Structures are given as structure tokens and as C-alpha cells.
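Trainee: Could we go through this one together, with each label set against its cut-off?
Mentor: Gladly, have a look first.
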Amino acid sequence: MTDDRAVAKLQALVRIPTVSDRDPALVDTAAFDGFVDELAAQFPRLHAQLELTRIHTHGLLFHWAGHGDARPVVLMAHLDVVPVDTDAPWRHPPFGAEIVDGAIWGRGTLDDKGELVAICEAVERLLESGFTPAQDVWLSFGCDEEVFGTAAKEAVAELTRRGVEPWFVVDEGGAVADDAFPGIKPPVGAIGVTEKGATSVVLRVDGRGGHASTPAKFGPTARLARAILRVDRAHMEARIPDATVDLFRRLAPHAPLPLRPLMANAERLRPLLTRALIAAGPESAAMTRTTFATTTLQGSPALNVIASTARAGINIRVMVGDTVADVITHLRKVINDDRVEIEVVEEGEPSPVSPVDDDAFRLIESTIAEVFPDAVPAPYVMMAATDSRHFTTICPRVYRFAPFRMSKAQRQAIRSSDEHLGVDDFLSGITWYQRLIERIPR
Ligand SMILES: [Zn+2]
């Protein structure tokens, strides 16, 4: 009965299309207002007993006073979602929140309304039972995560203003992931301990334009093309970070026999493993080094006009151990052409690595073991960016883990069509947050 009601709450909130956009004028403010109102209606105890501070436009920061406030805990989620690509057909309406085959279907079920509602439901249930957490608990819900917005930064500023130094932070990121690694049978309770930095640059070549009937050799587009190819062919140094070594060591006992010694001795065999990961394909290669993807291209707007300026956007994911400055040095060296200008349009360093040999990590790990006994908890380096990166400035222990079982297909659906969350998996997620809060020590 309580479970049915929890599912109905998630359905109601998935049906509100809180799609974020980099251009504030294109955001449906009414949808965000509606979401905040609906959340208040669905979780009356939480809203009555926790103190709410509005952040930015629709960011929410709740404060739940515990027995102590020396080691506060922050649980994060975001209420905005990515748009629905109209070209990709959905089996069930993206904002319908229909329950079919034991799952709730809709945009945001996994990313990130499932987490948000599971956190709220866990708190609501604990309040109902008269529970007070051992330490202060803060809930920080962003409203512009998907567009690299500022709400999370402003939440950090608010916490700083109030003198709050979190003991640890939990945000989206990893999951109880099936088929996370080839040959590994049990699901991996993947806890992101750092994330690559998201940086973007634009390469720009200026030259003489003119009519396409009288082209000069090696104009801006050709020069730009050469630069793009040079970037594509050269790589920055590859390596296996400590978190990945730890991941391999923990997975080793579950790996196919021939791979076991290799993974168990990952520390010693780093160079060999690095080469193996690069050879295994782009996904695993991305675990070892900074990646460069040429994404946008701009030349002349007309077929018969030579471009006077040609531009290429490059999206870069900076590996732990590299810096944005290293990346720019690398680009200048491999492009090796002074007439190609490099403009940094978005600068994101990799996040500091959160500790694994640590009580907070062990608390998360043991709560995973309790609620998902078949899973192998392990740290990993995240490829994508989350709001929690902003919290690394006030907290050294930032862990990215969503307590939901996800198949490979489900993880891939997060940014495309058919996003869905199993009903039972949603309920286990509520239990996980509830147990995590209950297990916070004095
Ligand atoms: Zn997200």
C-alpha cells in the first residue's frame, strides 16, 4: 500500500515535463513551478518538518536537523530532465509514466526523478516513524543539471554561508549495474569517486573568403581539416588511475578465470592493462585517457562562397591526472600551426578523487551490501559530469551512486528513448536511502 503510493508519487512527478534549456527564455517555468508544488503536496511531512531554502529559480535545499551537526550528510538529485528527441520513437509516452511490464516508463525515471523521489520517500517514511538522524541531513535538488547550470554552485554558496562542511555527499552517477564489464556476472555497485573534467574548445582559422569559382590552395577549411585530423590521430598519455586499479582488484574474483590474475595484479600490471583497455574499444579506452571529440563544424553559409572563417568545436573529457593547461599544450603541439587559434569556451578540470579507504565510503559500501547482497561494490572514474562536482570545493568525500539496478539497455536509455525504472528497483532504492540515513553514526 505504502509502496503503491510511493510509485504513484513518482508517476505524478514524471508527468510534469521539467525540461531544462541553456536559454532561460525556452524553459517552461510553469512546469518547474508545478513540480515544486506537486512535490510539496506529495511529501507533506518532509515539507512541514524540514527547513526549505529556495536556490536559484527552482533549486531546493532542505535541512533536516539531526542529533548532531558536526558531520552533516548531503543527498543530491536534480529535478530537470533532458528533452525528448522527437526522432527516436518511444514504446510508451515519455511523460506518461505508464507502468508496463513491471517498470515505470518515462523521461527522468532514471535521470534523476527516480533518485529524487526515492530520497524524499525515504525521509517521509523516517519522519513518519518519528526518526531523527544522528547527524544533520541536507537534501540538495538542482533544477538545471542537464544544462550545466548554476543552481548547484549556488547551493554550495548557501551551505558555505551557513558554515556547513559536509562529511560526505551522495549524488547520481553509478548504479547497481548489470553487464558493467564483459565476463563479470554479478552486478557492480559502481560508486563514482571522481569525474573527468568537461572542457570545450573552438579551433578557428581565418583567411581570405571569395567566390568558390576561384579558390586558393589551402584555405581556412582545408587548414582546419588538417588540424582536426591531427587532433584525432594524437592522444595524450594513457594511464590507469588508482580508482580503476581498485575496481579491477574488487572485480577480479568474479572475472573469467584467465582474466583473474591480470585484474588482481592490476597495480603491478598497469602498462599492460592500459594497452588492453585501449585495444578493447573506445568505451574502455576512455577510461585511460583524455578524449577529444570534434563535434561542431562551421564554414561558409553558402555552397558557392569560400569561408573566410572556419571553426570546429572540440568536446574534451579531461582525465584525472591531466589539467586543462596540459590539454591546451597538447593541442598546440599536435596541431603545430600558428594560424589555428584555440579558444577555450568551457573549462572543467577533473574532480578531486574521493577517498576509498574511509568510513564514509565504507558506510555507502556496506549499505549497498545490505540492500543489494548480490552486488560487488567498487569505486570507478565517471566519464560524465554531475552537479556534485561543485561540492568538491567544500567536501573531500563526494560519491556518485544511484541505488537502482540498471541493465545496460536502461543505462543507454538515459539520454535516448525508452527510459524506464523497474518498480521493484525503485522500491529497493527507497530502502537504500532509508538505511543509509538510519546508519549514519553519531
Ligand atoms: Zn542527471
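Mentor: A polar contact is a pair of N or O atoms within 3.5 Å; within protein, one must be able to donate a hydrogen and the other to accept it, and residues adjacent in sequence count only if both atoms are side-chain atoms. This is a predicted model, where local features need pLDDT of at least 70, side-chain atom pairs count only at pLDDT 80 or more, and totals for chains, interfaces and linings use all residues. Residues are numbered from 1 along each chain as its sequence is written, and side-chain values use heavy atoms, with hydrogens and water left out.

Trainee: What lies 2.9 Å from the backbone nitrogen of Arg339?
Mentor: A polar atom of the Asp337 side chain. The side chains of Asp337 and Arg226 are also joined by a polar contact, at 3.1 Å.

Trainee: Why is Asp337 called buried?
Mentor: Buried means under 20% relative accessible area (exposed is over 50%, partly exposed in between; 1.4 Å probe, protein chains only). Asp337 has 11%, so the word buried applies.

Trainee: What makes the site of the zinc ion irregular?
Mentor: Donors are N, O and S atoms within 2.8 Å of the metal (3.2 Å for Na, K and Ca); water is not among the atoms, so sites may look incomplete. Here His78 (NE2), Asp111 (OD) and Glu172 (OE), the last listed twice, coordinate zinc at 2.0 to 2.5 Å. Four donors count as tetrahedral if all angles lie between 85 and 135 degrees; four count as square planar and six as octahedral if opposite donors are over 155 degrees apart and all others between 65 and 115; anything else is irregular. The angles among the 4 donor atoms run from 56 to 143°, and the site is irregular.
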